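Trainee: Hi! I'm new to this one and could use a tour. Can we look at it together?

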Amino acid sequence: MTLISAPAGFGKTTLLADCVGKIKEPVGWISLDEQDNDKVRFLKYFINAIQQIEKGIGDNSLLALQSQQPLETEILVTGLINDIADIDHPFVVVLDDYHVITDTEIQQILLFLLDNQPPQMHMVISSRADPPWPLARLRARGEIEEIRIQDLRFTLDEVAILLNEIMGFTLSSKDLAALEKRTEGWVAGLQMAAIALQNQQDKASYIQAFTGSHRYIFDYLMEEVLNSVPDDAREFLLRTSILDQFNGSLCDFVIERKNGDCTVHFFFPRKKPSSESYLSLEYL
């Protein structure tokens, strides 16, 4: 499989769409949302994606899903795998926005598929977070390719192409370097900086003042990141934002919980962020 894992705005879907347009193998594409956290619905979509490649594959599994007495999940998925094995050519299945899938049973279904998939099938998963699978095992077997933030960040040369050649600016090398440093190659940040620059007379001064508190950045983070966070997690982030340092017991005190059941997952930077690290979602 191929895993594309990076926060919002790093161009995962754009990269996938571009690749799909260039490869020779047929592709079945599934764009996921929160409503797909239902085993039956998910499997129907998955089978329909396979049938975009080869008609009739998985028909028996679809009938079993619609039955009033459906088969056990493992038996059903095993039958689907056997059907897929009959496809006599390489093909690709894309699961875009996989981070919205939280259902444990669906996670197990996908892992079972990966462990037993026929060699002609290649799975591509795009997600804002790593799936809860034993990725180390897949790495050890040589069964996974990974594309991550460091691969998707724009280099200085790519920033120059985007802003000067594609968007039509005439920014100096110094200004381009400043934007690349402030956005850390985050393409959504670069695009919003370009929108903001369009009506600025003194572009150099504006670039020096461009930070993560800019309205376009704030709106993007609200719409694409914070609004997708569950209510309890958003409340937790709000209450603990006043702390410079924290641990479990201190967080429990601040959010007024006494049962110690607060479980929190954090992404930490590999190095201390500099004063210029305004925009990187890696630090959220």
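Mentor: Happy to. One term to begin with: a nonpolar core is a set of buried Ala, Val, Leu, Ile, Met, Phe, Trp, Tyr and Cys residues joined through side-chain atoms within 4.5 Å. Keep in mind that this is a predicted model.

Trainee: Okay, so which residues of the largest nonpolar core touch the most other members?

Mentor: Those are Met1, Phe46, Ile50, Leu95, Leu110, Met123 and Trp133, out of 40 residues in that core. Several elements each supply at least two of its residues, including helix H2 (39-51), strand E3 (91-96) and helix H5 (104-116).

Trainee: What does Met123 touch?

Mentor: Leaving out residues up to four places away in sequence, Met123 touches Met1, Thr2, Phe46, Val93, Leu95, Leu110, Leu114 and Gln117. Apart from this core lies another one, of 14 residues, with Leu179, Ala193, Ile207 and Phe210 among them.

Trainee: Switching topic: how many residues of helix H10 are buried?

Mentor: In H10 (residues 187-197), 9 of the 11 are buried, so the helix is largely enclosed by the rest of the structure. Among the buried ones are Val187, Leu190, Met192 and Leu197.

Trainee: And Asp175, is that buried or exposed?

Mentor: Asp175 is buried, yet it has no salt bridge. The nearest side chain of opposite charge is Lys174, 6.5 Å away. Asp175 sits in helix H9 (residues 173-183) and touches Ala204 and Ile207, again not counting residues up to four places away in sequence.

Trainee: How many salt bridges does the structure hold, then?

Mentor: There are 11. In one of them, Arg41 pairs with Asp36, with the closest N and O atoms 2.9 Å apart. Asp36 is buried, at a relative accessible area of 0%, while Arg41 is partly exposed at 30%.

Trainee: What about Asp115 and Arg141?

Mentor: Their side chains meet in a salt bridge too, at 3.5 Å from N to O. Asp115 lies in helix H5 and Arg141 in helix H6, so the pair ties together parts that are 26 residues apart in sequence. Asp115 and Arg141 also belong to a network of salt bridges with Arg137 and Glu143.

Trainee: Last one: where is confidence lowest and highest?

Mentor: Among the elements, helix H12 (residues 215-224) is lowest, at a mean pLDDT of 60, and strand E5 (residues 145-147) is highest, at 97. The chain's mean is 83. Over residues 260-284, pLDDT stays under 50. Where pLDDT is low, the predicted coordinates should not be read in detail.

Conventions. Residues are numbered from 1 along each chain as its sequence is written. This is a predicted model: local features need pLDDT of at least 70, side-chain atom pairs count only at pLDDT 80 or more; totals for chains, interfaces and linings use all residues. Side-chain values use heavy atoms; hydrogens and water are left out. Helices (H or I, at least four residues) and strands (E, at least two) are DSSP runs, numbered from the N terminus. Buried means under 20% relative accessible area, exposed over 50%, partly exposed in between (1.4 Å probe, protein chains only). Lys and Arg count as positive and Asp and Glu as negative; His and the chain ends are not counted. A salt bridge is a side-chain nitrogen of Lys or Arg within 4 Å of a carboxyl oxygen of Asp or Glu. Contact means heavy atoms within 4.5 Å. pLDDT is the predictor's confidence in each residue, from 0 to 100.
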